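Dear colleague,

I am handing over the structure we spoke about, and it is shown directly below. After it you will find my notes on what turned up when I went through the chains.

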Amino acid sequence: MTAQAATATALSQEALSRDIDAPALTVVEKAAPAVETQKVVRDSRPLRLITCGSVDDGKSTLIGRLLWDTKAVKDDQAATLTRDSGLGRQNDLGLPDFGLLLDGLQAEREQGITIDVAYRYFATERRSFIVADTPGHEQYTRNMATGASTADLAVLLVDARAGLLEQTRRHATIATLMGIRQFVLAVNKIDLTNYDQARFDAISAEFRELALSLGVRQVTAIPLSALKGENVVYDGKASMPWYDGPTLVETLELATVRSAQTVGFRLPVQRVCRPGESFRGYQGTVAGGSVKPGDSVVILPSGMVANVSKIVTFDLVRNAAVAGDAITLVLDRQVDVSRGDVIAAIDSAPQTGLAFDAQIVVLQPDGIEPGKRYWLKSGSRRQRVTVRASTKLDLASGKWTASETLEMNAIGKVHLAFDELAIFDPYEQNRNTGAFILIDPDTNNTVAGGMITGKRSAHGGLSDRESRVVLSLPVDLAEQLMASETFASRRDEADVRRTSVRRAKDLLGEIDG
Amino acid sequence: MPDSRPDTELRDTPATKPPLDPHLKALENEAIHIFREVAAEFEKPVMLYSIGKDSSVLLHVARKAFYPGRIPFPLLHVNTGWKFGEMIAFRDAVVKEYDLDLVSYTNPRGAAENITPFTHGSSRYTDIMKTEALRQALDLGGYDAAFGGARRDEEASRAKERIYSFRTPDHRWDPRNQRPELWNIYNGMVRKGESVRAFPLSNWTEVDIWRYIQAEDIPLVPLYFAKKRPYVERDGMMILAEDPRLELLPGETLQEGVIRFRTLGCFPLTGAIRSQATTLDDIITELETATVSERQGRAIDRDQSGSMEKKKREGYF
């Protein structure tokens with residue numbers, strides 16, 4: 001073993017053998033948690049959240065504090081921290097430098113910078129949490145978009161002394177664009193304002209106004225000191241008797257996880273399972289709604305219909321599956337289904353078409369080149385697309401301005417034109433079937449993340465989804481109309497059903513009535 | 001891959017097991033999704049199988065992902081030749097029981113140059129018998145995707161690694177130049193010679209692994225459970241003394257005690273812990289009150305700061 005290795009071993013050994021009652025690293029006691037000690041069964045899915053803020057706001061300290069006070073940091077990791085931090089990088093309370101705990105890569109440790117998105121895990125008795133930790137300054141749009149794409153909640157961090165900054169607005173805007181509708185405003189370093197309630201009230205009022213302007217109503221503002229551990233995991237009543245709201249962790253425990261269960265059923269087919277002649281199942285993760293045997297489904301883009309005969313999983317043949325479940329679906333008849341197809345509820349199918357509008361976040365230095373053909377991947381479907389930018393978001397003012405080019409970190413509105421039918425829901429309605437990535441065919445790199453806003457008609461304008469015309473025609477006339485060029489070119493915008501004269505009359509009567 | 005498994009098994013599946021709690025179910029769903037996506041998008045995937053608890057969970061999820069079909073790729077075991085005897089016996093039993101395709105690979109340099117963890121130091125030994133061996137085995141098989149059981153909570157550099165971790169033709173990982181990964185949409189496009197390492201268990205923690213093993217009743221190598229075993233103390237680690245190749249150094253004595261292992265690797269490099277945990281319940285209780293991380297028993301992670309990142313850049317999992 002090398003000398004270096006021997007030293008490392010000795011250090012860890014010291015950590016191992018040290019007396020629990022006399023921690024070598026901490027002067028602040030890892031006190032018994034103030035949260036209820038009774039065993040509560042975890043009955044919730046993990047909450048995914050993103051933390052937004054910069055080093056100056058104390059973000060590393062806040063995350064470090066969360067991990068430390070929920071005991072997600074083990075003693076040997078803390079020993080490594082102390083070893084690496086040396087004498088210079090301890091914080092004022094004698095705790096190890098939390099930034100080092102979070103900066104996982106050698107380059108980051110050496111240069112004192114943070115690159116890219118890191119994922120952190122901690123749990124309380126009630127729930128477990130996945131934190132997407134993104135750097136506050138460098139490439140924050142790209143990294144924030146990545147972290148926010150899977151998050152249900154954003155923690156926006158501000159320094160109590162500085163209040164809201166321009167970057168707070170930027171972070172809130174990006175989080176909203178990515179579909180986050182729950183904000184926590186963490187007003188950090190409140191201890192440095194002498195726990196000034198008026199200051200806190202002013203900052204939170206200003207933030208609520210900002211959030212409302214973005215359409216976000218669910219806002220919790222919390223005065224806290226990450227360094228001292230007040231209102232993070234343990235309450236800060238001793239210093240802030242005026243605050244009777246929840247701690248950060250209590251807020252996170254009660255936050256809601258987004259659910260795609262209330263929308264129409266969608267199963268993007270990942271693969272076809274054919275272990276033998278007698279079995280043919282379609283494997284994928286339910287991307288919206290729910291399904292049960294007997295349900296009628298449509299296969300897109302072909303438009304063929306079938307009924308669900310059973311839902312197979314390893315454990316049992318199930319009588320229902322909901323959004324998020326990884327299942328194998330068996331249909332009642334032989335239909336042509338392959339990877340990239342979407343099996344959907346027949347009465348609320350997603351939109352299909354050759355042209356859609358979307359918002360994208362540009363992730364690579366080359367930007368988005370006008371007219372270039374990219375690969376678009378959404379769910380399990382990958383197809384060619386031409387991207388044309390129309391406007392760009394100015395994050396400082398929140399305004400959209402015309403722009404035909406989008407550079408790295410830009411957020412823009414684009415038109416997507418496909419060679420083959422594309423299948424989407426608006427992102428607002430379904431984050432699974434409304435999201436996509438763009439891949440550069442030259443580099444194979446992921447160059448943008450996108451969110452569908454709506455379908456465009458083949459003639460340019462957004463299709464008017466507010467009003468429709470229902471016709472009831474004799475079959476021969478309908479067939480003639482459908483054979484016309486105009487109709488054929490916009491076939492994907494029309495819903496056609498064949499029914500009896502009597503039923504058609506009833507349906508029209510219903511509309512009139 | 002053809003499968004002759006009869007359809008009747010579908011009807012024979014037990015319905016008595018209580019459903020997974022929503023937390024574990026969400027993690028399982030995500031892992032199954034990743035397995036299916038990689039299997040569909042890559043030409044020649046392989047699953048790294050190291051026989052440990054994470055590999056056991058990985059294998060279990062893989063069986064679920066492709067059921068009622070067979071797992072459509074082989075398992076690859078990079079065998080250093082220095083694994084615990086019980087691990088190899090367990091591996092062979094599992095392969096037989098579940099009808100798996102196993103490829104076992106050992107770097108020929110090990111025998112040719114007589115490379116051992118005792119003579120070459122843990123760092124150099126690992127470089128050759130694990131990292132280099134893995135690269136050789138992947139090249140030999142022409143695999144364009146390799147599943148691994150790594151988790152982001154294990155180690156600092158892992159926390160920044162993608163679920164699809166892109167590797168150059170010489171298997172290098174460039175942490176500064178990773179592809180962004182948004183939502184659950186994975187970019188599986190690679191050129192010839194390039195590959196990805198795919199980590200379906202990225203978002204699991206150690207406690208999740210154990211709770212899942214318990215909930216799903218997944219068989220494990222018995223070394224994870226406490227038992228009276230012979231050991232020697234060396235470099236602050238308790239080394240299991242069952243393999244005749246372990247020679248006592250001057251001053252060392254053969255001891256005996258109730259011990260178990262939190263992770264399993266090469267026996268000379270894996271330290272045991274004192275523990276009375278003989279059941280999964282005991283282990284989970286022990287874990288929830290544990291103050292040291294699981295990799296504490298691994299000599300190879302501590303060779304130098306950032307050593308895992310260094311190994312990964314060179315092609316280690």
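Two strands are taken to pair if DSSP finds at least two bridges between them. Please keep in mind throughout that this is a predicted model.

With that criterion in hand, strand E18 (residues 373-378) of chain A pairs with strand E19 (residues 381-394) of chain A in the antiparallel sense, over six bridges. Within this pair, A:Arg373 stands opposite A:Thr386 in E19(A). The hairpin of E18(A) and E19(A) has two residues between the strands, and A:Gly379 takes a positive phi near 55° there. E18(A) is also joined by three bridges to strand E22 (residues 435-439) of chain A, and these two strands run antiparallel. On that side, A:Leu376 has A:Leu438 in E22(A) as its bridge partner.

Two further places in chain A may interest you, both of them in loops. A cis peptide bond, with omega at about 10°, joins A:Leu300 and A:Pro301, and A:Pro301 lies in the loop between strand E11 (296-300) and strand E12 (304-312) of chain A. A:Arg217 belongs to the loop between helix H8 (197-213) and strand E6 (218-223) of chain A. Is A:Arg217 buried or exposed? A:Arg217 has 11 C-beta neighbours inside 10 Å and therefore counts as exposed, the cut-off for that class being 12 or fewer. In sequence A:Arg217 and A:Gln182 are 35 residues apart, yet in space the distance is 7.6 Å, C-alpha to C-alpha.

Turning to chain B, I would begin with helix H6 (residues 117-141), whose end C-alpha atoms are only 26 Å apart, although a straight helix of 25 residues would span 36 Å at 1.5 Å a residue. Where does H6(B) bend, and by how much? The bend is at B:Ser123 and amounts to about 85°. A number of residues in H6(B) are buried, among them B:Pro117, B:Ser122, B:Tyr125, B:Met129, B:Leu134 and B:Leu138. After H6(B) comes B:Gly142, which has a positive phi near 65°.

There is also a helix pair to report in chain B: helix H7 (residues 206-216) and helix H8 (residues 280-288) pack at an angle of about 165°, and their axes are 10 Å apart. That angle makes H7(B) roughly antiparallel to H8(B), the term being used for angles over 145 degrees. The crossing in which H7(B) passes H8(B) is left-handed.

As for the strands of chain B, four of them form an open sheet in the order E8-E7-E9-E10, with antiparallel pairing. Strand E8 (237-240) and strand E10 (273-274) of chain B stand at the edges with a single partner strand each, so one side of each is left without a neighbour in the sheet. Between strand E7 (residues 227-234) of chain B and E8(B), which run antiparallel, there are four bridges, and B:Tyr231 has B:Leu240 in E8(B) as its bridge partner.

Elsewhere in chain B, strand E5 (residues 164-167) pairs with strand E6 (residues 195-198) in the antiparallel sense over four bridges, with B:Arg167 opposite B:Ser195 in E6(B). In a regular strand the side chains alternate between the two faces of the sheet. Both faces of E5(B) are covered, since B:Tyr164 and B:Phe166 on one side are buried, as are B:Ser165 and B:Arg167 on the other.

The loop between E5 and E6 of chain B contains B:His171, a residue other than glycine whose phi is nevertheless positive, near 70°. B:His171 has 21 other C-beta atoms within 10 Å and is therefore buried, the threshold being 20 or more. A second case of this kind is B:Ile51, which is not a glycine but has a positive phi of about 80°. B:Ile51 lies in the loop between strand E1 (45-48) and H3 of chain B, and counts as buried because it has 25 C-beta neighbours inside 10 Å.

Lastly, chain B has a cis peptide bond between B:Tyr67 and B:Pro68, with omega at about 5°. The loop that holds B:Pro68 lies between helix H3 (53-66) and strand E2 (75-78) of chain B.

With best regards

Key. Residues are numbered from 1 along each chain as its sequence is written. Chains are lettered from A and ligands numbered from 1 in the order in which they are written. The expected span of a helix is 1.5 Å times one less than its number of residues. The bend at a residue is the angle between axes fitted to the seven residues ending there and the seven starting there. Axes are lines fitted to C-alpha atoms, for helices over the stretch in contact, and angles run from 0 to 180 degrees between N-to-C directions. Angles under 35 degrees count as roughly parallel, over 145 as roughly antiparallel, 65 to 115 as roughly perpendicular and the rest as oblique. A crossing is left-handed if the near helix is turned anticlockwise from the far one by less than a right angle, and right-handed if clockwise.
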